[in-house]
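Here is a short tour of one protein model, written with a computational chemist in mind. Please have the viewer open as you read.

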Amino acid sequence: MTQHLGHAGTAVAPDPAGPRTDRTGWWRDAVIYQVYPRSFADGDGDGMGDLPGVRSRLPYLAALGVDAVWLSPFYASPQADGGYDVTDYRAVDPRFGELADAAALIEDAHRLGLRVIVDIVPNHSSDRHEWFRRALDEGPGSPARARYHFRPGRGEDGELPPNDWESVFGGPAWTRVKNPDGTDGEWYLHLFAPEQPDFDWEHPAVRDEFRTVLRFWLDMGVDGFRIDVAHGLIKAPGLPDAGHGGQLRLLGNARLPFFDQDGVHEIYRDWRRVLEEYPGERIGVAEAWTPNSERTALYVREDELHQAFNFHYLQTGWDSGALRDVVTESLEAMRPVGAPATWVLSNHDVVRHRTRLGGGLPRARAAALLMLALPGSAYVYQGEELGLPEVAELPDEARQDPSFFRDNGQDGLRDGCRVPLPWERDGSSYGFGTGGSWLPQPDGWGELSVAAQTGDPDSTLELYRTALRLRREHPALGAGESVEWLPAPDGVLAFRRGDFVCTANTGGRPAELHGITGQLLLASGPYDGEGPLPADTTAWWSAAGGSGSGTGTVTGSATGSAAGAATGSGA
């Protein structure tokens, strides 16, 4: 099934070195934009986004000011879980295009100064993967079954699952199969949907296969990989019981026998050696749910991966004390291993932060400016720069999230953050494509579109464009490993980075600012730098005196285009 790169259309295979910038350590302060391909842009009018659609919108992302694009899976897949059930890791699913489209996208991105990160899904395959089909056909004890976790059941007739592990999507993490002769057979492990059987990473063939997959895409010119379920590849020896139900509630809060086992780190040390075979600073990014920041830091030691998602920050509410704690903890955990902290507010698996944080658009805008001011790398999920809310009112018959159809798993409402983007004010899918959209878009979606917001200085889109420009231009922003916390009233977060100061009012009323001298650079809402900082507002200041001054009062007013842009509270 593996595709081969040909001469389809105008696609040209890129030079693996790629036309990148010369800046070293680029990932340390990169702003990385997540594209969920089926919902970003539809190039062929079938109602589902695809790689040609993404390619056509790359100039928009370059103009936005991001450094890299992360593409969620576009591999050959039955789409039982939005492409995270892969049948061929070296092929593009026909829904999204073909291999030549991926090559052309990478080439165009590099020409625009954008790096490309692709998802890789190593914890599990599709149940239609050639290896798994062979495992079913060859039966118990076969070499093919050793590449997955097949086990006999418990109980008198093997009618019970091998252990008490629960699927993230609800129900047991085991499904029983039929033997080739039709009798009841063994069980196989799937920590997610039954269509996603877990690989056994103790098997050398699995490790060899994924080394070749990495090299295949590195040869195509990709700049790195986001590793799905990076914490899940190794299971505790003997697959012991967890010992209790409600295991999903412990995800990210406690170690479980199927997640965050120490054996995963040997795998990522091996992958790091593969990445370093290639020029241009190729990177690995861990999606690792761990109990604390210290455990997360283990994934980004010097000889392992380059970044790990900061889910602890994502899960923190809009509270100054809680935010200060998680920022401090995150920076302190990363410092000993020399890795950058990462910051994220939304992605394809969680409720959009405009809705999740409460407080509507003003709070979402304030949270965005706070995130972009922190030292390290930031992730932006498609549409958050438009201020898109979660689409909660989707008819049941339109939903496609597999956990929606199962009990006791995730809430099954991930479709609400995956509704296709609005590009134009009007049209059957607001510019997403010519053939409608695979999930229904709400009325009024066009008023949040790129076309509606472009050029409006009060829009959320222009706020992001201005913030990203200032982040690139201001020498105190971007990479770093610490902040200097400043005295602030209750509900306000204030910190200094060199001659830059960020103040964020998470409280419900305006707050007087004291102890800071500076000129307003940018505010997330209506604020000219004079008087109290409004509720749900973040302000960026060019501070006088540099690090450690911490004296005076904010008396400067907004001047110049940087301060005058995007200080309203529009779309």
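The notes below cover the nonpolar core, an open sheet with its packed helices, and one further helix. Keep in mind that this model is predicted.

Let's begin with the core. The largest nonpolar core holds 129 residues, and Tyr33, Leu61, Phe74, Trp217, Tyr268, Tyr313 and Trp540 touch the most other members. Helix 12 (residues 360-373) contributes the most to this core, with eight residues. Setting aside neighbours within four places in sequence, Leu61 has contacts with Tyr33, Val35, Phe40, Val66, Val69 and Leu114.

Next comes the sheet. Its five strands follow the order 14-15-16-18-17, form an open sheet and pair antiparallel. Strand 14 (484-485) and strand 17 (518-523) are the edges; each has a single partner strand, so one side of each lacks a neighbour in the sheet. Strand 14 is joined to the antiparallel strand 15 (residues 492-497) by two bridges, and Glu484 sits opposite Arg496 in strand 15.

Two helices meet these strands, as the table sets out.

| Helix | Strands touched | Angle |
|---|---|---|
| Helix 10 (residues 320-334) | strand 14, strand 15 | about 35° with strand 15 |
| Helix 12 | strand 15, strand 16 (500-505), strand 17, strand 18 (537-543) | about 35° to strand 18 |

Finally, consider helix 14 (residues 460-473). Its 14 residues reach 20 Å from first C-alpha to last, close to the 20 Å expected at 1.5 Å a residue. Is helix 14 largely enclosed or exposed? Eleven of its 14 residues are buried, so helix 14 is largely enclosed by the rest of the structure. Among those buried are the charged-name entries Glu462, Arg465 and Arg471, along with Leu461, Leu463 and Tyr464.

Methods: Residues numbered from 1 in each chain as written. Predicted model: local features only at pLDDT ≥ 70, side-chain atom pairs only at ≥ 80, totals over all residues. Heavy atoms only, no water. Core = buried A, V, L, I, M, F, W, Y, C linked by side-chain atoms within 4.5 Å. Buried < 20%, exposed > 50% of the residue type's maximum accessible area, 1.4 Å probe, protein only. Helix = DSSP H or I, 4+ residues; strand = E, 2+ residues; numbered from the N terminus. Contact = heavy atoms within 4.5 Å. Pairing = 2+ DSSP bridges. Axes fitted to C-alpha atoms, helices over the stretch in contact; angles between N-to-C directions. Expected span 1.5 Å × (residues − 1).
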